[in-house]
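This report goes through a single protein model, taking strands, helices, surface and charged pairs in turn. The sequence and the structure come next.

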Amino acid sequence: MRETEVLRLIRQTIADAGDDAALVPFRDTQLVLTTDMLHRTTDFPQAASPHTIGWRSVAVSLSDLAAMGASPLAVLLALGDPRLDEPLIRGILDGAVACCRSVGARLVGGDVDRHAELTLVSTAVGEAARPVGRGGAQVGDLVCVTGTLGRTQAALALFDAGEAAEGDELFCFPPRIAWGLRIALVATSLIDVSDGLAHSLHLLCGEGGVGCAIEAASLPILPALAEAVPASARREAILFGGEDYELLFTVPEPALPRLDGVPVTVIGRVTPEAVLLDGVELPDRGYEH
């Protein structure tokens, strides 16, 4: 089965599945829980440092919390590796702890085992009194994205070019927790761009039963992407490459000024149906494990 088919089966079996994180009512708030599995062969270039591996393993789960408008509480990290070398483990722990501290979270435990390849499973717990899911977009809302696009694709190109230090710097993306908390106050729908902009747009619109019209000229591109990736490959990298971990959201136009100070770009508007880029239907395609 393809990853999308597995996710569809999960949705049919687990009614609460489908958002970036799960919600569990708890006292006067809601706990927000998410987990992610990353492998050497699919997620970590050989040139990536142990510190980068640890940071990114935690950051992907913290990004899910940001995409729900949640404040992080704690992270668990499980690690499997054939050899469990001390420098590898120390570097991973340093990176994971540094990432948690950058957003005010704590790494509180996990598990260790021997495994056929380096594998990490991170679980993040947060809380949100007013979580925002993927399903609330309304026709006429603005479609917006934080930061810039192309970060991971630029990092992969740098790793391939032997520029490991530069690749590590880009691969250690900052989880957008603070921005997510601001955005959740005004957004009608919210998701993180983990599987590519195109697929994320389709997910957001599909959950809301709407469409959108996006303008390619409005997409905010990371300058390093232009330096690392040939012009002929940039469109593919931006739309379908995946793992930018920026926040994609919809917001009523009158509420946009409330996000002053958050680096947000308006890239389009919500429409009744179809996901369009410059008037042409955008394929529902993105990164798959």
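## Terms and basis

A residue is called buried when its relative accessible area is under 20%, exposed when it is over 50%, and partly exposed in between, with a 1.4 Å probe and protein chains only as cover. Helices (H or I, at least four residues) and strands (E, at least two) are DSSP runs numbered from the N terminus.

The model is predicted: local features need pLDDT of at least 70 and side-chain atom pairs count only at pLDDT 80 or more, while totals for chains, interfaces and linings use all residues. Residues are numbered from 1 along each chain as its sequence is written, and side-chain values use heavy atoms, with hydrogens and water left out.

## Helix H3

Helix H3 covers residues 50–66. Of its 17 residues, 15 are buried, so the helix is mostly covered. The expected span of a helix is 1.5 Å times one less than its number of residues. For H3 this gives 24 Å, and the C-alpha atoms at its ends are 24 Å apart, which agrees.

H3 also bends, by about 25 degrees at Val-60. The bend at a residue is the angle between axes fitted to the seven residues ending there and the seven starting there.

## The seven-stranded sheet

Two strands pair if DSSP finds at least two bridges between them. An open sheet of 7 strands follows the order S7-S9-S6-S10-S8-S11-S12, and its pairing is mixed. Its edges are strand S7 (189–192) and strand S12 (280–281), each of which pairs on one side only.

At one edge, S7 runs antiparallel to strand S9 (residues 247–251), with 4 bridges between them. Ser-189 stands opposite Thr-250 of S9. In a regular strand the side chains alternate between the two faces of the sheet. Both faces of S7 are covered: Ser-189 and Ile-191 are buried on one side, and Leu-190 and Asp-192 are buried on the other.

At the other edge, strand S11 (residues 275–277) and S12 are antiparallel and joined by 2 bridges. Leu-276 has Glu-281 in S12 as its bridge partner. The loop between S11 and S12 contains Asp-278, whose phi is positive, near 55 degrees.

## Hairpin and loops

Strand S1 (residues 22–26) and strand S2 (residues 29–39) are antiparallel and share 5 bridges. Phe-26 is partnered by Thr-29 in S2. The hairpin has 2 residues between the strands, and Arg-27 there takes a positive phi near 55 degrees.

Most residues other than glycine have a negative phi. Glu-243, in the loop between helix H10 (231–240) and S9, has a positive phi near 60 degrees. Glu-243 counts as buried because its relative accessibility is 9%.

Glu-273 sits in the loop between strand S10 (264–271) and S11 and is exposed, at 63% relative accessible area. The C-alpha atoms of Glu-273 and Val-210 are 5.0 Å apart, although 63 residues separate the two along the chain.

## Salt bridges

A salt bridge is a side-chain nitrogen of Lys or Arg within 4 Å of a carboxyl oxygen of Asp or Glu. The structure holds 7 of them. One of these joins Asp-20 and Arg-134, with 3.2 Å from N to O. This pair links distant parts of the chain, 114 residues apart: Asp-20 is in the loop between H1 and S1, and Arg-134 is in the loop between strand S5 (119–127) and strand S6 (142–146). Both Asp-20 and Arg-134 are buried.

Another salt bridge is formed by Glu-253 and Arg-269, whose closest N and O atoms are 3.2 Å apart. Here too distant parts of the chain are linked, with Glu-253 in the loop between S9 and S10 and Arg-269 in strand S10, 16 residues apart. Glu-253 is partly exposed at 44% relative accessible area, and Arg-269 is partly exposed at 34%. Asp-85 and Arg-83 also meet in a salt bridge, at 3.6 Å from N to O. Of this pair, Asp-85 is partly exposed at 30%, whereas Arg-83 is exposed at 60%.

## Surface patch

Patches are made of residues with over 30% relative accessible area and no salt bridge; like charges are joined within 9 Å, and nonpolar side chains (Val, Leu, Ile, Met, Phe, Trp, Tyr) within 5 Å. Accessible areas come from the Shrake-Rupley method with a 1.4 Å probe; for residues, only the protein chains shown count as cover.

Met-1, Val-6 and Leu-9 make up a nonpolar surface patch with about 300 Å² of accessible area together. Met-1 lies in the segment before helix H1 (3–13) and is exposed, at 71% relative accessible area.
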